[in-house]
Amino acid sequence: MSTSRGTGRAPAPGKRADAVRNQQKLLAAAAKVFVTSGVDAPIREIAARAGVGTGTIYRHFPTRADLVVAVFRHQVEECAEAGPRLLAEAGSPLAALRQWIDLFVDFLVTKHGLADTPQPDSSGFAALHTYFLDRLLPVAEQLLDAAAEAGEIRPGTQPYELMRGIGNLCVAPDNDPRYDPRRLVALLLEGLRRPRPS
């Protein structure tokens with residue numbers, strides 16, 4: 001994985017492999033905290049989950065916007081790289097598609113919090129939507145094509161429509177705890193399946 005993609009910033013010249021791994025670990029921990037506690041979760045909560053001091057986080061990401069952008073890019077890269085791996089490892093293309101969509105839903109939970117984050121001009125927020133589409137649309141297309149070729153889903157589903165539909169289902173109205181987007185996403189996937197001959 002390219003460090004500049006995964007972290008949202010170019011690596012420092014000669015950056016040690018262990019420093020890169022530590023930064024990836026920090027971003028993964030921040031992503032998990034954002035999913036459960038939102039993007040305005042206390043930095044100390046992220047530091048505790050990552051097993052580092054708060055100073056380490058501020059050294060890498062001076063503002064919350066810097067951290068959120070880096071987490072966003074890190075999660076995009078994880079989703080992008082997971083697609084081909086799941087296709088190779090899962091029992092079927094449809095199983096790979098389901099697992100990838102689970103990762104995508106986790107990512108969307110974090111992404112929706114971006115709207116509440118202060119966005120200075122230098123934060124890199126402006127380019128994130130294009131980056132997101134450029135990296136994930138080809139992966140969604142690969143998974144859909146594989147499942148259609150295997151006869152597991154109906155052909156003709158457009159990757160943008162699928163991703164947009166899932167995104168819309170993941171927007172919980174007023175954070176209603178009774179709303180479970182995963183149930184509706186599962187129903188959406190059932191609708192894609194090719195009917196079995198009677």
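Okay, let's start by walking along the sequence: the pattern you get is α-α-α-α-α-α-α-α-α. That fits the tally of nine helices and zero strands in the protein. Keep in mind that what we're looking at is a predicted model.

A few overall numbers, then. The protein has 198 residues, and 40% of them are buried. Its accessible surface comes to about 10,700 Å², with 51% of that belonging to carbon and sulfur atoms. And here's one about contacts: take those with a separation of 6 or more, and 68% of them are between residues 24 or more positions apart.

Now let's zoom in on two helices. H7 covers residues 128-149 and H8 covers residues 159-169. How do they pack, and at what angle? The angle is about 110°, and the axes are 8 Å apart. So H7 is roughly perpendicular to H8, because anything from 65 to 115 degrees gets that label.

Who's actually touching whom there? On the H7 side you have Phe132, Leu133, Leu136, Leu137, Ala140, Glu141 and Leu144. They meet Pro159, Tyr160, Leu162 and Met163 on the H8 side. Sort that contact by class and you get 10 nonpolar residues, no polar ones and one charged. The charged one is Glu141 in H7, because Glu counts as charged.

Next, the loop between H7 and H8, where we'll stop at two residues. Pro155 sits in that loop. Is Pro155 buried or exposed? It's exposed, because its relative accessibility is 58% and the cut-off for exposed is over 50%. Leaving out residues up to four places away in sequence, Pro155 touches Ala148 and Arg194. You can also look back to Leu144: Pro155 and Leu144 are 11 residues apart along the chain, and their C-alpha atoms are separated by 8.1 Å.

Thr157 is in the loop between H7 and H8 too. At 22% relative accessibility, Thr157 counts as partly exposed. Setting aside neighbours within four places in sequence, Thr157 is in contact with Leu144, Leu162 and Leu192. Two of those names should ring a bell: Leu144 in H7 and Leu162 in H8 were both on our list of meeting residues. As for Glu141, it is 16 residues from Thr157 in sequence and 8.8 Å away in space, C-alpha to C-alpha.

Let's move on to the loop between H8 and helix H9, which is 181-192. Val171 is found in that loop. Its relative accessibility is 47%, so Val171 counts as partly exposed. Which residue would you compare it with across the sequence? Try Val109: Val171 and Val109 are 62 residues apart in sequence, yet 8.1 Å apart in space, C-alpha to C-alpha.

Last stop, cysteines. How many disulfides does a search of the whole structure find? Zero. Two cysteines to click on are Cys79 and Cys170. Cys79 is at 3% relative accessibility, so it counts as buried. Cys170 has a relative accessible area of 9%, so Cys170 is buried as well. Both values fall under 20%, which is the cut-off for buried.

To wrap up, if you rotate the model yourself, go to H7 and H8 and find that angle of about 110°. Then follow the loop between them to Pro155 and Thr157.

How values were computed. Residues are numbered from 1 along each chain as its sequence is written. This is a predicted model: local features need pLDDT of at least 70, side-chain atom pairs count only at pLDDT 80 or more; totals for chains, interfaces and linings use all residues. Side-chain values use heavy atoms; hydrogens and water are left out. Helices (H or I, at least four residues) and strands (E, at least two) are DSSP runs, numbered from the N terminus. Buried means under 20% relative accessible area, exposed over 50%, partly exposed in between (1.4 Å probe, protein chains only). Contact means heavy atoms within 4.5 Å. Accessible areas come from the Shrake-Rupley method with a 1.4 Å probe; for residues, only the protein chains shown count as cover. Axes are lines fitted to C-alpha atoms, for helices over the stretch in contact, and angles run from 0 to 180 degrees between N-to-C directions. Angles under 35 degrees count as roughly parallel, over 145 as roughly antiparallel, 65 to 115 as roughly perpendicular and the rest as oblique. A disulfide is a pair of cysteine sulfur atoms within 2.5 Å.
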